[in-house]
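I opened this model with coffee in hand and kept notes as I went. Here they are, in the order I looked things up.

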Number of protein chains: 2
Amino acid sequence: MPAPRTPAGSARDRILHTAFRLFYAHGPRGVGVDTVIAESGVAKATLYKHFPRKDDLVLAYLDRVDQTWFGALRAAARDAGDEPRDQLVGMFDALVGACRRDGYHGCAFINTAAESPAGGPVHARTVEHKTVVRAWVTELARQAGAAEPELLARQLTLLLDGGLASGVLDGDPVIAEVARRSARTLVDAALR
Amino acid sequence: MPAPRTPAGSARDRILHTAFRLFYAHGPRGVGVDTVIAESGVAKATLYKHFPRKDDLVLAYLDRVDQTWFGALRAAARDAGDEPRDQLVGMFDALVGACRRDGYHGCAFINTAAESPAGGPVHARTVEHKTVVRAWVTELARQAGAAEPELLARQLTLLLDGGLASGVLDGDPVIAEVARRSARTLVDAALR
DNA sequence: GGATTTACAGACGGAGCTGTCTATAGGATC
DNA sequence: GATCCTATAGACAGCTCCGTCTGTAAATCC
């Protein structure tokens, strides 16, 4: 395995890092391949060697988003303590944190899916991501003792999606707080 | 006022109708002006006479979406009876209906905002739309006797946004039902 | 030290995009 | 009937985008 010979990591990493930043800010369709190349300081041939189609780069971007966001969700839940009941509410702190972050621009998956043809690979990857997250929430709800874990999980992920999606407009952290309070109410009602 | 001389309404109406259909299906950025022209059977000069910039057409599209969606929300609320408390939940029937509709593709505002530059007219129009809807819901919540009408309105519109936004992926009507049940729980909790 | 791999640099074609322009035809109005 | 107004039809310029291609430099491997 050769050591990286470029200052800021391997070419592939630089491409991905730049694509992540640009795609999230302007949407994949709003960023040309030439821009990614220019800003990552990479040759065109190099980019097309690692990502033969632009779609491949978009999918790699979504994978990175998935890791980041899902990781933040689990970390927030973990930080809420050992009680699954508290973790179900605590995961919304990830939303609070996301809204506060500079350059926050909503849900990368929804934004990307909105500009991608239905039935394409981007949609499939997005559905996959949402499914994995919901399965995790469902398991938490089951551990918490919910009578209908699937329902509660759907309710909570719906809240998450709502909070994320409306972030396209204004990263108002109050929205995340509202979502958190809603989550508390729904969890309490489901576990009463 | 001259009578329409074209079979399917005035040229302006045909343009708007076609743009509505195409913009909603593929996103404004995914539809070229030439396509709108071809499918609406209109001359290029005519389109640019009515809508000097493509952005003008996009904004007119959003206005039409606003009328349609807000109208559907109010109609659903009205159909739920005279009690504001029931209307707050009943408005979610508009979401149920939207999810069932063929070609459902999520929230036109969020989808469009996601691909538009932040701070631009599209964002402003979207914020305006969301503000008007939320003000209406707030008034309903006040009439229903909520202690914190603004909070309840934010919670409910957050649910609406979540249900709409996730519709980009799958128009699963179950999501709308889940949103409706969440709304019932939140309304009950707020009015207890 | 030669061969191979990897990356840089950038031209290029074909397509699509927005927006302007000219030329023309058909009703409406005076 | 002459004159508008509006609409059609389509060429056109200028730009951007995606993806391919050629050529070159540097680092690694045998």
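**Entry 1: the DNA side.** I began with the surface near DNA strand C in this predicted model, and found that helix 3 of chain A gives the largest share of that surface, 5 residues. Helix 3 (44-50) of chain A, helix 2 (33-40) of chain B and helix 3 (44-50) of chain B each supply at least two residues there. I noted 17 residues around the strand, of which A:R14, A:A43, B:V33, B:K44 and B:K54 come nearest. By class, I have 7 charged, 6 nonpolar and 4 polar residues on this surface.

**Entry 2: backbone or base?** Which part of DNA strand C gives 59% of its atoms within 4 Å of the protein? I found that sugar or phosphate does, with bases giving the rest. Next I looked up single contacts. For B:V33, a backbone N or O atom sits 2.4 Å from a phosphate oxygen of the strand. For A:G41, a backbone N or O atom is 3.3 Å from a phosphate oxygen of DNA strand C. I then turned to B:K44, where a polar side-chain atom lies 2.4 Å from a base oxygen of the strand.

**Entry 3: chain against chain.** I moved on to the two protein chains, where 38 residues of chain B contact 38 residues of chain A. Together they bury about 3100 Å², with 69% of that on carbon and sulfur atoms. I counted 10 residue pairs in polar contact between them, both residues at pLDDT 80 or more, and 4 salt bridges. One I wrote down joins the side chains of B:R29 and A:E115, at 3.1 Å from N to O. On the chain B side, helix 7 (108-114), helix 8 (121-144), helix 9 (149-165) and helix 10 (173-191) each give two or more residues. That side has 17 nonpolar, 13 polar and 8 charged residues.

**Entry 4: inside chain A.** The domain assignment splits chain A into domain 1 (8-52) and domain 2 (56-190). I get 27 Å between their centres, taken over C-alpha atoms. Their contact takes 15 residues from domain 1 and 14 residues from domain 2. About 1400 Å² is buried between these domains, and A:F20, A:Y24 and A:P28 supply 45% of what domain 1 buries, more than any other three residues.

How many salt bridges does the rule find across this domain interface? I got 0, alongside 3 residue pairs in polar contact, both at pLDDT 80 or more. Helix 1 (residues 11-26) gives the most to the domain 1 side, 8 residues. I closed with the classes on that side: 12 nonpolar, 2 polar and 1 charged.

Definitions and conventions
Residues numbered from 1 in each chain as written. Chains lettered and ligands numbered in written order. Predicted model: local features only at pLDDT ≥ 70, side-chain atom pairs only at ≥ 80, totals over all residues. Heavy atoms only, no water. Near = heavy atom within 4 Å. Polar contact = N/O pair within 3.5 Å; in protein donor to acceptor, adjacent residues only side chain to side chain. Helix = DSSP H or I, 4+ residues; strand = E, 2+ residues; numbered from the N terminus. Nonpolar A, V, L, I, M, F, W, Y, C, P; charged D, E, K, R; others polar. Contact = heavy atoms within 4.5 Å. Buried area = accessible area lost by both parts, 1.4 Å probe. Domains from an automatic or database assignment.
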